[in-house]
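Student: I am new to this structure and would like a close look at a single part of it. Could you take me to the metal site and then show me how it sits among its surroundings?

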Amino acid sequence: MSFRCTSLGSGSKGNATLIATDSTFLLVDCGFGLKDTQSRLSAKGVSAEQLSAILVTHEHGDHASGVARLSKKFNIPVWMTRGTSLHKSCESISNLHFLNGGEKITIGDIDVTPFTVPHDSREPVQFAFYSAAKKIGLLTDTGRITNHTLDMLSECHLLLLEFNHDAERLANSKYPAMLKQRIAGDLGHLSNYQSLQLLKRLKKESLQQVIALHLSEENNCPELVQRLCQGLDINAEFQIASQEKGTEWITVT
Ligand SMILES: [Zn+2]
Ligand SMILES: [Zn+2]
């Protein structure tokens, strides 16, 4: 049985990730419009009818703007925290189930543990996925690394990890001061440095692959992230998800 994942696209203009086995397809977040999502799914050989569930990390538009329409059109169950569900973009979701940080749920043959993270939204979570004795971790939209996050992501086989910005580029960017503070703050996004620190501190004997997600088009660059990751003394492969195409399917072996 294969346990695999693919990004449908990642960045401030929209995020969606598929986590799948042979029979279960979980879409994590949907920050793309209906047509766009369908064509991104079909580029990965998946149809919306095959989706077992949509899991939502938090209500920001780049993660949640496409969830309600996709769920309604194909009657796909949606899982999110109560806090996330209070946002107006989530009000019209009828096939809705609630997540609580630290409480495992099972969908098809994938176990999912949501865990709380510091981010400037109502009740944000990120996820650890388990199937066939393998683990895939997901962490984006997080302002700082907590011990809880390190615990929840320890001993992943595959890690999808935010590399949002280069701190210096952000500081020198044309962004307004308030926005700079928000992004760099404890409830903002992970800088390249923070993500590298996480990788250094993480328990990672089983780690095979790291996928960099949510790169800022303004304040980061894929070549820089690639170079930084290759400089780490870690026995894992690295690749970067793009806003336009995401990644290929990546199988945990
Ligand atoms: Zn985001
Ligand atoms: Zn966010």
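Tutor: Here is a walk through the metal site, followed by the charged pairs of the chain. Please keep in mind that this is a predicted model.

Let's start with the zinc ion (ligand 1). Four residues coordinate this ion: Asp-62 and Asp-141 through OD atoms, and His-63 and His-214 through NE2 atoms, at 2.1 to 2.3 Å. Read along the sequence, these donor residues follow the spacing D-H-x77-D-x72-H. The angles among the 4 donor atoms run from 91 to 159°, and the site is irregular. The upper value explains the label, because four donors count as tetrahedral only if all angles lie between 85 and 135 degrees.

Asp-141 has a second partner: this residue bridges the zinc ion (ligand 1) and the zinc ion (ligand 2), and the two ions lie 3.7 Å apart. His-63 belongs to helix H2, while His-214 sits in the loop between S12 and H9, so this pair ties together parts that are 151 residues apart in sequence. Both His-63 and His-214 are buried.

Now follow those elements outward to the charged pairs. Side chains of opposite charge can pair when their charged atoms come close. The structure holds 5 salt bridges. One of them joins Glu-217 and Lys-13, with N and O at 2.7 Å. Glu-217 is in the loop between strand S12 (209-213) and helix H9 (222-230), and Lys-13 is in the loop between strand S1 (3-9) and strand S2 (16-20), so the bridge links distant parts of the chain, 204 residues apart. Glu-217 is partly exposed at 46% relative accessible area, and Lys-13 is exposed at 57%.

Another salt bridge pairs Arg-122 with Glu-59, at 3.9 Å from N to O. This one also links distant parts, 63 residues apart: Arg-122 lies in the loop between strand S8 (110-116) and strand S9 (125-131), and Glu-59 in the loop between strand S4 (53-55) and helix H2 (61-64). Glu-59 has a relative accessible area of 8%, which means that this residue is buried.

Lys-104 and Asp-111 form a salt bridge too, with their closest N and O atoms 3.8 Å apart. Here Lys-104 is exposed at 54%, whereas Asp-111 is partly exposed at 23%.

Finally, a word from the records. An unreviewed UniProt entry lists residues 13-189 as "domain: Metallo-beta-lactamase". In this model, that span is 25% helix and 27% strand, and its end C-alpha atoms lie 15 Å apart.

Terms used:
Residues numbered from 1 in each chain as written. Chains lettered and ligands numbered in written order. Predicted model: local features only at pLDDT ≥ 70, side-chain atom pairs only at ≥ 80, totals over all residues. Heavy atoms only, no water. Salt bridge = Lys/Arg side-chain N within 4 Å of Asp/Glu carboxyl O. Helix = DSSP H or I, 4+ residues; strand = E, 2+ residues; numbered from the N terminus. Buried < 20%, exposed > 50% of the residue type's maximum accessible area, 1.4 Å probe, protein only. UniProt positions renumbered as here; feature names shortened; annotations may be inferred. Donors = N, O, S within 2.8 Å, 3.2 Å for Na, K, Ca; no water. Tetrahedral: all angles 85-135°; square planar, octahedral: opposite > 155°, others 65-115°.
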